[in-house]
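Subject: Structure for you to look at

Hi,

Here is the structure I said I would pass on. Please open it and keep it on screen while you read the notes below.

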Amino acid sequence: MIQKIDNATVREAVQQAYERCKNETGGKNADYIPYLANVPSTLFGIAACLPDGEVIAVGDTDYKFGIESVSKVPTAILAMNQYSAQEVLTKIGADATGLPFNSIMAILLENDHPSTPLVNAGAISACSMVQPVGDSDGKWKAITGFIEGLAGSQVEVIDELYKSETATNFNNKSIAWLLKNYNRIYDDPDMALDIYTRQCSIGVTAKQLATMAATIANGGKNPVTKQQVFKPELSPKIASMMATVGFYEHTGDWLFTTGLPAKTGVGGGIMGVVPGVMGVAAFAPPLDEAGNSVKAQKALAYIAGHLNLNIFGTTRCVMAEKEAAQA
Ligand SMILES: NC(=O)CC[C@H](N)C(=O)O
């Protein structure tokens, strides 16, 4: 069955989600990265980006927060776009770990395999793959340029966050060197780790995350700038990775509840992709024990349920305007 929705229905759902969730007090800011502990816990914003380029935004959607693990998504797409989906599958993998994002045990259990670019190990490996190999500045330009293409606007590193992460990323150092031991780092390990740490420290707004998600949902074509950012065939590849591991050890619960491929970050952001339909995002710093924003999960779960966005559902949601424009 097809269910047509229009921009006004989405606006209403976003507003309702905001009202329903704004007083939610569960969770706690990440504190293993000192900067994140000090971000105001009451910040809350929701955004959706539609195929015609309209960005719906309610709450603190212009606040720049640390993108953190949501950055694993653009870098995974970039690596697939530069090489191929198959090569990323062979060199990194696409398996859910069912374990925390920074798990060393997952690498050992997967028999030397980073498993997926959407956990720390695979993300550091993906950073090592990004071309030009051996050129830190060139890699950084490729990554930030790619994120800007997806978001349709500029991004920059939050310096204080980058310093804070660099001073405390001992576990990630172990991951980078363990992967080097297994020949799963395809450039200098310290450089790959630095690129990873820097990409996690990029500041983004909920509006930018929603636009990034919409570009993925729209087959790599940014609905705001109309620029084709990556090969269309990579959209289902990245959406499947987000669906299988986007919430780490809570991924099954999330997917069961919402049916929405999405990716979280310990900065409090969540980016959700509704393939062929739209991008949604929410931001609120307090996290659950797996490192996923409590309020942002509630808000997006409400929107997904209300608009029938479940990709496993028997009712397929489509934008009415889009259909009319195509007719
Ligand atoms: N889940 C996350 O957002 C983790 C990102 C963080 N920079 C880390 O590597 O620990």
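Start with strands S4 and S6 (residues 202-204). They run antiparallel, and 2 bridges join them. Look for Phe65, whose bridge partner in S6 is Val204. Bear in mind that this is a predicted model.

These strands belong to an open sheet of 3 strands. The order is S4-S6-S5, and the pairing is antiparallel. Strand S4 (65-66) and strand S5 (156-157) stand at the edges. Each has a single partner strand, so one side of each is left without a neighbour in the sheet. Helix H11 (residues 206-217) packs on this sheet. Helix H11 touches S4 and S6, and its direction makes about 90° with that of S6.

Now find the other sheet. It is open too, with 5 strands in the order S3-S2-S9-S8-S7. The pairing is again antiparallel. Which strands are at the edges? They are strand S3 (55-59) and strand S7 (262-264), and each pairs on one side only. Neighbouring strands here are turned by 10° against each other on average, direction ignored.

Within this sheet, look at strand S8 (residues 269-274) and strand S9 (residues 278-283). They run antiparallel, joined by 6 bridges. One pair to pick out is Gly272 with its bridge partner in S9, Val280. A helix packs on this sheet as well: H14 (residues 294-306). Helix H14 touches strand S2 (45-49), S8 and S9. Its direction makes about 150° with that of S9.

Last, the ligand. Which residues surround the ligand? They are Tyr32, Glu68, Ser69, Phe101, Asn120, Glu165, Asn172, Tyr196, Cys200, Tyr248, Gly265 and Val266. This shell divides into 6 nonpolar, 4 polar and 2 charged residues.

Three side chains are worth selecting, with their distances to oxygen atoms of the ligand:

- Asn120: a polar side-chain atom lies 3.0 Å from a ligand oxygen atom.
- Asn172: a polar side-chain atom lies 2.9 Å from a ligand oxygen atom.
- Tyr196: an N or O atom in the side chain is 2.7 Å from a ligand oxygen atom.

Is the ligand mostly buried or exposed? Taken alone, the ligand exposes 300 Å², and the protein buries 98% of that.

Best wishes

How values were computed: Residues are numbered from 1 along each chain as its sequence is written. This is a predicted model: local features need pLDDT of at least 70, side-chain atom pairs count only at pLDDT 80 or more; totals for chains, interfaces and linings use all residues. Side-chain values use heavy atoms; hydrogens and water are left out. A residue is near a molecule or strand if one of its heavy atoms lies within 4 Å of it. A polar contact is a pair of N or O atoms within 3.5 Å; within protein, one must be able to donate a hydrogen and the other to accept it, and residues adjacent in sequence count only if both atoms are side-chain atoms. Accessible areas come from the Shrake-Rupley method with a 1.4 Å probe; for residues, only the protein chains shown count as cover. Ala, Val, Leu, Ile, Met, Phe, Trp, Tyr, Cys and Pro count as nonpolar, Asp, Glu, Lys and Arg as charged, and the others, Gly among them, as polar. Two strands pair if DSSP finds at least two bridges between them. Helices (H or I, at least four residues) and strands (E, at least two) are DSSP runs, numbered from the N terminus. Axes are lines fitted to C-alpha atoms, for helices over the stretch in contact, and angles run from 0 to 180 degrees between N-to-C directions. Contact means heavy atoms within 4.5 Å.
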